[in-house]
Amino acid sequence: MRGSWHYLPMEPNLAKIETLVRQLLVELGEDPEREGLKATPSRVAKSLAFLTHGYRASLEQVINKALFTQDTSSMVIVKDIEVYSMCEHHMLPFFGRCHIGYIPTGRVFGVSKLARLVDMYARRLQLQERLTEQISQAVFESIDARGVGVMIEARHLCMMMRGVEKQNSEMVTSSVLGTFRESETTRDEFLALIGPRGR
Ligand SMILES: [Zn+2]
């Protein structure tokens with residue numbers, strides 16, 4: 001399944017990452033032996049392993065039996081799913097909210113599963129555009145949905161604390177598939193249901 005893109009079952013080598021982080025501290029002009037930094041390489045290694053745990057999850061595991069049969073063809077909306085990811089260009093965080101709408105053909109997601117699905121793709125090095133598309137594609141394929149719409153609004157630290165230093169700019173990306181792509185009415189319904197954005 002295309003949703004399983006880049007599935008790496010291997011745990012990262014924490015000892016190796018620690019060594020690299022220690023070297024990085026030296027290159028940045030720091031003394032990795034000073035008290036405050038002594039445990040930093042090991043903390044950073046564990047933290048990076050956690051922040052990229054999405055590489056080691058598979059769509060099959062994440063969704064595992066949490067699809068319910070429901071005879072409805074009304075639009076289902078889940079709003080404001082928290083997103084924490086890291087941009088692949090700078091390895092700095094981007095974070096915000098994800099809104100998902102879909103029209104089922106008989107099967108629906110348990111609500112917490114959608115959040116886990118978002119996490120699975122977010123906890124990797126990402127581009128917001130690709131993240132948005134991967135989520136919509138995964139929802140579309142795994143329940144054979146009639147249509148899917150995904151919108152992500154996020155702030156990127158690589159924009160906020162370096163480079164252009166645009167503190168308040170938020171990036172909005174969307175991906176629509178099936179009836180959400182074909183029908184303007186369906187798209188409008190989705191946008192109306194997720195409500196006014198940019199709070
Ligand atoms: Zn970036």
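**Zinc site and helix packing**

Cysteine 158 is buried, its relative accessible area being 9%. The structure described here is a predicted model. In this model Cys158 contributes its SG atom to the coordination of the zinc ion, together with Cys87 (SG) and His90 (ND1), at 2.2 to 2.3 Å. Along the chain the zinc donors follow the spacing C-x2-H-x67-C. Histidine 90 is located in the loop that runs between strand S2 (76-87) and strand S3 (93-103), whereas cysteine 158 belongs to helix H6 (residues 157-160); the pair therefore ties together parts that are 68 residues apart in sequence. Histidine 90 has a relative accessibility of 34% and so counts as partly exposed, since the partly exposed class lies between the limits of 20% and 50%.

A helix pair was also examined. Helix H1 (residues 14-27) packs with helix H2 (residues 40-51) at an angle of about 125°, and their axes are 8 Å apart. The two helices are therefore oblique to each other, because this angle falls outside the ranges that count as roughly parallel, roughly perpendicular or roughly antiparallel, the last of these being over 145 degrees. The crossing in which H1 passes H2 is right-handed.

On the H1 side, the contact involves Leu14, Ile17, Glu18, Val21, Arg22 and Leu25. These residues meet Pro41, Ser42, Val44, Ala45, Lys46, Leu48 and Ala49 of H2. Classified by residue type, the contact of H1 with H2 comprises nine nonpolar, one polar and three charged residues.

Methods: Residues are numbered from 1 along each chain as its sequence is written. This is a predicted model: local features need pLDDT of at least 70, side-chain atom pairs count only at pLDDT 80 or more; totals for chains, interfaces and linings use all residues. Side-chain values use heavy atoms; hydrogens and water are left out. Axes are lines fitted to C-alpha atoms, for helices over the stretch in contact, and angles run from 0 to 180 degrees between N-to-C directions. Helices (H or I, at least four residues) and strands (E, at least two) are DSSP runs, numbered from the N terminus. Angles under 35 degrees count as roughly parallel, over 145 as roughly antiparallel, 65 to 115 as roughly perpendicular and the rest as oblique. A crossing is left-handed if the near helix is turned anticlockwise from the far one by less than a right angle, and right-handed if clockwise. Contact means heavy atoms within 4.5 Å. Ala, Val, Leu, Ile, Met, Phe, Trp, Tyr, Cys and Pro count as nonpolar, Asp, Glu, Lys and Arg as charged, and the others, Gly among them, as polar. Donors are N, O and S atoms within 2.8 Å of the metal (3.2 Å for Na, K and Ca); water is not among the atoms, so sites may look incomplete. Buried means under 20% relative accessible area, exposed over 50%, partly exposed in between (1.4 Å probe, protein chains only).
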